[in-house]
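Please walk through this structure, explaining how its parts are arranged and which contacts link them.

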Amino acid sequence: MTKIRIGLVGIGKIAREQHIPVVIADPDFELTACVSRSAKVDGIDNFTTLETMLDARPDIDAVVVASPPATHFAAARLALEAGKHVFLEKPPCATMAELDWLEDAARRKRRTLFQTWHLRYAPRVADAEEWLKGRKVVGGHIVWKEDVRRFHPGQDWIWRSGGFGVFDPGINAVSILTRILPEAVLVEAAELFFPSNCQTPVAADIAFRTESGAGITAALDFFCQGEQSWDIELTAADGKMRLADSARVFAVDGERRNLPDSPDGVYAEYAPLYRRFSELIARGESEVDAAPFRLVADIFLIGKHISAPPLNLV
Ligand code: NAP
């Protein structure tokens, strides 16, 4: 089988930690070229703009967009119009209409658009989804708290318009919630905390309501100095499930219940993501699920803006 030649846009943290090693290890793909304004990847062609890469390497089959979200639309649009398949990092775009446009462009060009939610591939998400099947959720709480200085040093784009602030990690929690909940969920209220020197929020408190009326609250903090938490707790009539540590631990009523065949390891999310990308290309299909993005957009629409002290990021 001919390998799918990949052009990777944005050589930052996630490209170096996941995309590059996973693409190199996957027999269906070949890492052919990359685009970065400053970085270089050894052993492949390096370009400073996507346009020059597309001109110089017309043999590239697919473009992986791993730059900040405000740049996703322009890159994905160019790639689709050049007839390439596209793997789109989360959050998918800066606005909902951009994502609709890309979905339509992929359909018109008959190319695969894989709009990814990487944390849905975390080891225990499938376990939680399975446990919740047929159960009615009566309440829940999400705690998503991390220190941006530890996990995203120097990523100034997070604090500019279109950078999502605390929703850069927080949208991952929403992507899991919308995958595992057996029913639809709406945003009822939200409070967003905007530091005076940032265009995006550093923290948020959210009240979700499920279709059948259960309340699910969420506490998000991107400047957490204490314990870091990435936990989702949902209560059903006969028990309480907990997905903890970015969906690496699954427990029911305090008892750990990781299924033995769940994947694990450092590439537990990105290796299956690339398997899925290869499968979608082979089938001539796209995969787009705007539900998490729509809920985050609703949080921005409905949320009360609360002023917070300036962030000291150094
Ligand atoms: P990052 O470390 O800041 O890297 C992004 C890269 O994009 C930079 O190295 C930069 O390279 C390039 N870039 C192009 N246009 C840019 C612009 N206008 N402003 C800033 N950088 C620009 O970010 P990242 O953590 O890899 O995140 C990239 C995407 O992956 C985001 O959508 C993020 O949400 C997602 N993601 C991140 C993680 C994570 O753990 N970090 C996990 C999953 C998904 P040049 O300056 O050399 O062009």
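Glutamate 287 is partly exposed, at a relative accessible area of 23%; here buried means under 20% relative accessible area, exposed over 50%, and partly exposed in between, with a 1.4 Å probe and protein chains only. The model is predicted, so local features need pLDDT of at least 70 and side-chain atom pairs count only at pLDDT 80 or more, while totals for chains, interfaces and linings use all residues. Residues are numbered from 1 along each chain as its sequence is written, and side-chain values use heavy atoms, with hydrogens and water left out.

The side chain of glutamate 287 meets that of arginine 276 in a salt bridge (2.5 Å, N to O), a term for a side-chain nitrogen of Lys or Arg within 4 Å of a carboxyl oxygen of Asp or Glu. Arginine 276 belongs to helix α8 and glutamate 287 to the loop between α8 and α9 (291-302), so the pair ties together parts that are 11 residues apart in sequence. Helices (H or I, at least four residues) and strands (E, at least two) are DSSP runs, numbered from the N terminus. Arginine 276 is buried, with a relative accessible area of 19%. Its side chain also forms a salt bridge with glutamate 279 (2.4 Å, N to O). Those two residues are three apart in helix α8, about one turn of the helix, and glutamate 279 is partly exposed at 34% relative accessibility.

Helix α8 (residues 270-283) lies across β1, β2, β4, β5 and β6, and runs at about 155 degrees to β5. Contact means heavy atoms within 4.5 Å; axes are lines fitted to C-alpha atoms, for helices over the stretch in contact, and angles run from 0 to 180 degrees between N-to-C directions. The sheet is an open one of six strands with parallel pairing, in the order β3-β2-β1-β4-β5-β6. Its edge strands, β3 (45-47) and β6 (113-115), each pair on one side only. Two strands pair if DSSP finds at least two bridges between them. Averaged over the sheet and ignoring direction, neighbouring strands are turned by 20 degrees against each other. Strands β1 (residues 4-9) and β2 (residues 29-35) run parallel and are joined by six bridges; isoleucine 6 has leucine 31 in β2 as its bridge partner.

Helix α3 (residues 72-81) lies across β4 (62-65) and β5 (85-88), at about 160 degrees to β5. In the loop between α3 and β5 is lysine 84. What is the nearest side chain of opposite charge to lysine 84? It is aspartate 61, 6.5 Å away, and lysine 84 is buried without a salt bridge. For charge, Lys and Arg count as positive and Asp and Glu as negative, with His and the chain ends not counted. The lysine 84 side chain does reach the backbone oxygen of proline 58, at 3.0 Å. Leaving aside neighbours within four places in sequence, the contacts of lysine 84 include Leu54, Ile60, Val63 and Arg111. Aspartate 61 takes part in a network of salt bridges that links Arg5, Asp45, Arg57, Asp59 and Asp61.

The other sheet to follow is an open one of nine strands with mixed pairing, in the order β14-β13-β12-β11-β7-β10-β9-β8-β15. Its edge strands are β14 (255-256) and β15 (304-308), each pairing on one side only. Helix α7 (residues 167-180) lies across β7, β8 (185-195), β9 (203-210), β10 (215-221), β11 and β12, at about 155 degrees to β7. Eight bridges join β8 to β9, which run antiparallel, and leucine 192 is partnered by alanine 204 in β9. Strands β9 and β10 are also antiparallel, with seven bridges. In their hairpin, which has four residues between the strands, glycine 213 takes a positive phi near 105 degrees.

At the β14 edge, two bridges join that strand to β13 (residues 249-252), and the two run antiparallel. Alanine 251 stands opposite arginine 256 in β14. Is arginine 256 buried or exposed? Arginine 256 is exposed, with a relative accessible area of 56%. Not counting residues up to four places away in sequence, arginine 256 touches Arg248, Val249, Phe250 and Ala251.

Conventions. A polar contact is a pair of N or O atoms within 3.5 Å; within protein, one must be able to donate a hydrogen and the other to accept it, and residues adjacent in sequence count only if both atoms are side-chain atoms.
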